[in-house]
Amino acid sequence: PNEGWHSLSLSLLKPSVRRYHHKHIAVTTTRSAALQALEQEKTPHTRHCPLYSTASIASRLQSYKGTMDNYTTNEEDQREAARLQARLRADNYDNDDDLPSSSDDSSFVRLPNVTIDEGAHKYVLISAVAPAGEERQHFVVSRRGAHYHRNAAEPFIEALERSGYKSISVNGGGRIALDNTKRTISVYGYSYGFGLADHALAKAIILKDPRYKDYEVSWSNDGY
């Protein structure tokens, strides 16, 4: 049902009301604002064409409502994601001069390498080093209700910090679709704020978790 919308000339959309990557378009404004911009930018060649009528455009926007409501990114999200990355880099730089943590640190709680919610949700690939450890661990985290990828990352980063993990880094993101009924997991897409995660690595981490060892896990860099 979205093919008609994809065929709609992108030249009709102002830069402020369109975001697209490859073949995937993510409208980051309200439906009414998009309609207004489209109306203003109609050309004499398209003004009387049924494909570009207000009703047709409204119908196409409505058919694409799932993507519009599924939150892509905005300037505030980009700033907050960059601020989070900068804070983590600064913390990691400061920790380089710290003494190694004690192995019997009572505050340390080992966190699971896989924390994913059922359904299709944004996910992030996070890495960190445990207290008194030198080996970098990776964590695959998806979160139901995360409007942006940073909303999936921030709670888990806070948990890592409370547990004493150090050298924390967000290594990209995407989406994970978990279906416990069909026992399938699909890893795909990318993150505007953190970039493209290594989905092959995410798949390997998921398969190491005993809960998902019998699941069919696939990955792709396509989609958003």
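Biologist: Using the rule for ring pairs, how many aromatic pairs does the count come to?
Modeller: This is a predicted model, so local features need pLDDT of at least 70 and side-chain atom pairs count only at pLDDT 80 or more, while totals for chains, interfaces and linings use all residues. Residues are numbered from 1 along each chain as its sequence is written, and side-chain values use heavy atoms, with hydrogens and water left out. Rings of Phe, Tyr and Trp (its six-membered ring) pair if their centres lie within 6.5 Å; planes under 30 degrees apart are stacked, over 60 edge-to-face, and the rest tilted. By that rule, the count of aromatic pairs is 5.

Biologist: Take Phe-139 and Phe-156: stacked, edge-to-face or tilted?
Modeller: Their ring centres are 5.4 Å apart and their planes meet at 55°. That angle is neither under 30 nor over 60 degrees, so the pair is tilted.

Biologist: How many residues apart along the chain are Phe-139 and Phe-156?
Modeller: Phe-139 belongs to strand 5 and Phe-156 to helix 6 (helices, H or I with at least four residues, and strands, E with at least two, are DSSP runs numbered from the N terminus). The pair links distant parts of the chain, and the separation is 17 residues.

Biologist: And what kind of aromatic pair do Phe-139 and Tyr-165 form?
Modeller: Tyr-165 sits in the loop between helix 6 and strand 6, 26 residues from Phe-139. The centres are 5.7 Å apart and the planes stand at 90°, so this pair is edge-to-face.

Biologist: Is Tyr-165 buried or exposed?
Modeller: Buried means under 20% relative accessible area, exposed over 50%, and partly exposed in between (1.4 Å probe, protein chains only). Phe-139 has 0% and is buried. Tyr-165 comes out at 5%, so Tyr-165 is buried.

Biologist: Which element gives the most to the largest nonpolar core?
Modeller: A nonpolar core is a set of buried Ala, Val, Leu, Ile, Met, Phe, Trp, Tyr and Cys residues joined through side-chain atoms within 4.5 Å. The largest one has 21 residues, and Phe-139 and Ile-157 are among those touching the most other members. Helix 5 (75-95), strand 4 (119-129), strand 5 (136-142), helix 6 (149-163) and strand 6 (166-179) each give two or more residues. The biggest share is 6 residues, from helix 6.

Biologist: How many residues are in the second, separate core?
Modeller: Ile-205, Tyr-212, Tyr-215 and Val-217 are included in this one. Its size is 16 residues.

Biologist: Which are the edge strands of the sheet?
Modeller: Strands pair if DSSP finds at least two bridges between them. Here 6 strands make an open sheet with mixed pairing, in the order 3-5-4-6-7-8. The ones that pair on one side only are strand 3 (114-115) and strand 8 (216-219).

Biologist: Which residue in strand 5 is the bridge partner of Leu-125?
Modeller: Strand 4 and strand 5 run antiparallel, paired over 7 bridges. In strand 5, the partner of Leu-125 is Val-140.

Biologist: Which strands does helix 6 touch as it packs on the sheet?
Modeller: Contact means heavy atoms within 4.5 Å. Ile-157, for instance, contacts Ile-126, Ile-168 and Val-170, among others. Helix 6 itself touches strand 3, strand 4, strand 5 and strand 6.

Biologist: What separation do the C-alpha atoms of Lys-182 and Glu-216 have?
Modeller: Lys-182 is in the loop between strand 6 and strand 7, and counts as exposed at 64% relative accessibility. Glu-216 is 34 residues away along the chain, yet the C-alpha separation is 8.8 Å.

Terms used:
Axes are lines fitted to C-alpha atoms, for helices over the stretch in contact, and angles run from 0 to 180 degrees between N-to-C directions. Lists of a residue's contacts leave out its neighbours within four places in sequence.
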